[in-house]
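The exercises below concern charged side chains and their surroundings. Each has a task sentence and a solution in steps.

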Amino acid sequence: MKKSIFTKTFVTILIAVLIILAAAYTVTSLFAENIYYSSKIVQAKETAREVGWLVDEENTGYSEFIYSVDELVIQTGGRIIILDKDNQMVYGSRADSDLNNANEFVPPEALKLKAKEYKIYEYKNSSGEVTQYTYAERLENEVLVLVGIQVKSITETVAIIKRIMMFVMIAAAIIAVDAAYLLSRNISVPLRRLNYVAKEIGRLNFDIRYEGTREDEIGMLGGTLNELSEKLEKNINGLKKELEKEKNMDYLRRQFIAQASHEMQTPIAIINSYMEAIEDGIVEDEEERERYFEIIRDETNKMSKMVKSMLDLSQIESGTFTIKRAEFDIYGLLEPACEKFRILAESQDINFLHSEIPKNSFYIYGDEFRLEQVLTNFISNAYKHTMAGKMTYLSFREIEESEMAEPPISRYDRGIRISVWNEGEAINEADLPYIWESFYKAKTLTGQKGTGLGLSISRSILQLHGYAFGAENVGDGVEFWFEAPGRFEK
């Protein structure tokens, strides 16, 4: 079984701390005595220098001199003996003025030292163990200073240091265990959470998120994992939609062909029947024959428009449908359209009204031909749902950016709203989401039949332009509208 990162981290930290503590204890055991000995030798040297300064001080009385040296004895914790240049005793702690009583502390060889020379002497007991060191130095003024260093004090001090180190190690080990546990847990717990989040992402469960507030590398990893989850969810959902779309593609193609064939059958059947009637000589009256030809022409025109619309729709679905943008005056498009549809309205006994066309120009950036196609589709659709004697109204109004349904994605900061309203029965609210779909045909009041392609093509044209558009029930009728950003010019 693999060890968890908690166990590995905990054990690694604990072992590292214990190794450091053990090394510190080993170094102390091996070198503490030598280090302490070296420090005592340095202290002895400094003591000898201070004695030399006291001897050279002319204004210092004998009692003051003795007092100062006694202070040095207390500081060093050992014996001090001072001999003049003739090796006569000047001062001796725990010794009489007779040098013979201090011979166990004053090596005969030390008496032969010359100025600025020093030497360290060892004193051993009967067992051969060193019991004392004596630091002897003949100063520049030829005063001989001997400073005793007790080995026992060094040994006792080192033993105390070792005991203290032992207690420190035990306390440090306890602290290290707690610190290693907390640090390991601080690392392993969020990593286990990240592992859980990653597994859920692997199961395509994108509702799980890392919710930590850390700002270190683990927190950054959690944030990256959340971003990855969001992107994967978005991409997978998009892929599902594409797969679903691809799965339905064959069905949609078959449905499109079936619907297109059905739409074509009616005008073809009408044309065939009227042509047969004419060919068989059933229609003898010239006026009646002319009416038959007029019906044939109307059905032929319908078929032509239907084929053109289906070609446009085919280009839209294949992604090859394009628009050619250019800046043009929208009022230059609306003025002839108003005249054309006024004449058509009169022939159908429809009251067609429109906004007054301003004398200024309003330039928009788009495909003039395709936008005229949209306007034609909107008005033609309105006529199909307007009974004789009722009204259709074409409205166009310049609006500010704040009034627009969507902020314009263009260089313009204002726009124009063009709408076509027809008086008549409202569209069923359940039908409103589908009126822009291909071959969708709502019930018409006039009984005219359409292909349902006009609004679908208009939607694609407006979407390619990036224009806001819509349809809604307004008052006693229905309004279709779109907005185009542009610029005003007098």
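**Exercise 1.** Which residue's side chain meets that of Arg 414 in a salt bridge?

*Solution.* This is a predicted model, in which local features need pLDDT of at least 70, side-chain atom pairs count only at pLDDT 80 or more, and totals for chains, interfaces and linings use all residues. Residues are numbered from 1 along each chain as its sequence is written, and side-chain values use heavy atoms, with hydrogens and water left out.

Step 1. A salt bridge requires a side-chain nitrogen of Lys or Arg within 4 Å of a carboxyl oxygen of Asp or Glu. The partner of Arg 414 is Glu 400, with an N to O distance of 3.1 Å.

Step 2. Arg 414 belongs to strand β10 (residues 414–423) and Glu 400 to strand β9 (residues 391–400), so this pair ties together parts 14 residues apart in sequence. Strands are DSSP runs of E with at least two residues, helices are runs of H or I with at least four, and both are numbered from the N terminus.

Step 3. Glu 400 has 39% relative accessibility and counts as partly exposed. The classes are buried (under 20% relative accessible area), exposed (over 50%) and partly exposed (in between), with a 1.4 Å probe and protein chains only.

**Exercise 2.** Find the salt-bridge partner of Glu 479 and state whether each of the two residues is buried or exposed.

*Solution.* Step 1. The side chain of Glu 479 meets that of Arg 417 at 3.8 Å, N to O.

Step 2. Glu 479 is in strand β12 (residues 477–489) and Arg 417 is in strand β10; the pair therefore ties together parts 62 residues apart in sequence.

Step 3. Glu 479 is buried at a relative accessible area of 15%, and Arg 417 also counts as buried, at 18%.

**Exercise 3.** Describe the salt-bridge network that includes Arg 342.

*Solution.* Step 1. Glu 339, Arg 342 and Glu 346 are joined into one network by salt bridges that share partners.

Step 2. For Arg 342 and Glu 346, the closest N and O atoms are 2.7 Å apart. Both residues lie in helix α6 (residues 330–347), four residues apart, which is about one turn of the helix.

Step 3. Arg 342 is partly exposed, with a relative accessible area of 31%, while Glu 346 is exposed at 53%.

Step 4. Helix α6 also holds Leu 344, which is partly exposed at 35% relative accessibility. The C-alpha atoms of Leu 344 and Ser 380 are separated by 9.7 Å, with their positions 36 residues apart along the chain.

**Exercise 4.** What does the side chain of Arg 138 reach at 2.9 Å?

*Solution.* Step 1. Arg 138 is placed in strand β4 (residues 130–138).

Step 2. Arg 138 is buried and has no salt bridge; the nearest side chain of opposite charge, that of Glu 142, is 6.2 Å away. For charge, Lys and Arg count as positive and Asp and Glu as negative, while His and the chain ends are not counted.

Step 3. The side chain of Arg 138 instead reaches the backbone oxygen of Glu 142.

Step 4. Setting aside neighbours within four places in sequence, the contacts of Arg 138 (heavy atoms within 4.5 Å) include Asp 84, Lys 85, Glu 117 and Leu 144.

**Exercise 5.** How many salt bridges, helices and strands are there?

*Solution.* Step 1. The structure holds nine salt bridges.

Step 2. The chain has eight helices and 12 strands.

Step 3. Of the 490 residues in the chain, 36% are buried.

How values were computed. A polar contact is a pair of N or O atoms within 3.5 Å; within protein, one must be able to donate a hydrogen and the other to accept it, and residues adjacent in sequence count only if both atoms are side-chain atoms.
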